[in-house]
Every structure is written in structure tokens, then in C-alpha cells.
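Here is a short briefing on one chain. It covers a helix and the core that the helix helps to build.

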Amino acid sequence: MGKKIVCRCNDVTVEDVEALIDSGVTDIEELKRLLRIGMGPCQGRTCVPIVLGILARKTGRRQEEIPLPKARVPIRPVRVEVIVGGDDE
Ligand code: FES
């Protein structure tokens, strides 16, 4: 069976996430920093909910109890129409 990818942007697998949680990393911010989940072009639209689900299952918490990772503002100015999708640049 192939790899089960949770973050397509950064090629992170379920096994990568579970291994870190098993090693004691149970903070979503730390998982984000170590695995770069949520830091790809989609900004975590796909992987963050999946990782939150894995974290909830592995730690016995409800997913709603786990805070979302902090969103960072762009490091350089971006035109509003780019953010809202009105421009392909
Ligand atoms: S799928 Fe993880 S940042 Fe895009």
C-alpha cells in the first residue's frame, strides 16, 4: 500500500504525523513548525483539518478542543484582488 499523504503541498504522510505525536509532540503549532503543514500554497486548507483529526484521535481529545494553528500575514505586501482570487498573479 502506498503512502497516505495528508499534506500534498509538502509531501507529509499520516505516518509522519503519527510518529511525531507518538514522540510527544501534541501541540498543533509545533507539528506545523516541524512538518510544515499549512505552509504550502493552499495554506493548510487540505491538511490542517486532517492533522487536527489525527491529533484528536491520538490524544483522546475532541477536535473542537484543539485550537487552529495561527495564521501568518504575508511577509510582503499583496494586493487585495490577489487574496480574493480576482487576479491570477
Ligand atoms: S496541503 Fe498542506 S499546506 Fe497545502
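Which residue follows H3, and what is the sign of its phi? The residue is Gly60, with a positive phi near 70°. The model is predicted.

**Helix H3**
- H3 runs over residues 47-59.
- At 1.5 Å a residue, its 13 residues should span 18 Å, and the end C-alpha atoms are indeed 18 Å apart, so the two values agree.
- Cys47, Val48, Val51, Leu52 and Leu55 are the buried residues to note in H3.
- These residues lie on the same side of H3, because they cover an arc of only 130° around the axis.
- An α-helix has 3.6 residues a turn, so residues three or four places apart point the same way.
- Cover for the buried residues of H3 includes S1, strand S2 (12-13), helix H1 (14-22) and H2.

**Nonpolar core**
- The largest nonpolar core holds 12 residues, among them Val6, Val12, Leu31, Ile37 and Val51.
- Strand S1 (5-7), helix H2 (28-35) and helix H3 each give two or more residues to this core.
- H3 supplies the largest share, five residues.
- Val48 belongs to this core. Beyond its neighbours within four places in sequence, Val48 contacts Ile37, Gly38, Leu68 and Pro69.

**Ile54**
- Ile54 also sits in helix H3.
- Ile54 counts as partly exposed because it has 17 C-beta neighbours inside 10 Å.
- Neighbours within four places aside, Ile54 is in contact with Val14, Val17 and Glu18.
- Pro74 is 20 residues from Ile54 in sequence, and their C-alpha atoms are 28 Å apart.

Definitions and conventions
Residues numbered from 1 in each chain as written. Predicted model: local features only at pLDDT ≥ 70, side-chain atom pairs only at ≥ 80, totals over all residues. Core = buried A, V, L, I, M, F, W, Y, C linked by C-beta atoms within 7 Å. Buried ≥ 20, exposed ≤ 12 C-beta atoms within 10 Å, placed from the backbone. Helix = DSSP H or I, 4+ residues; strand = E, 2+ residues; numbered from the N terminus. Contact = placed C-beta atoms within 7 Å. Expected span 1.5 Å × (residues − 1). Arc of directions from axis to C-beta.
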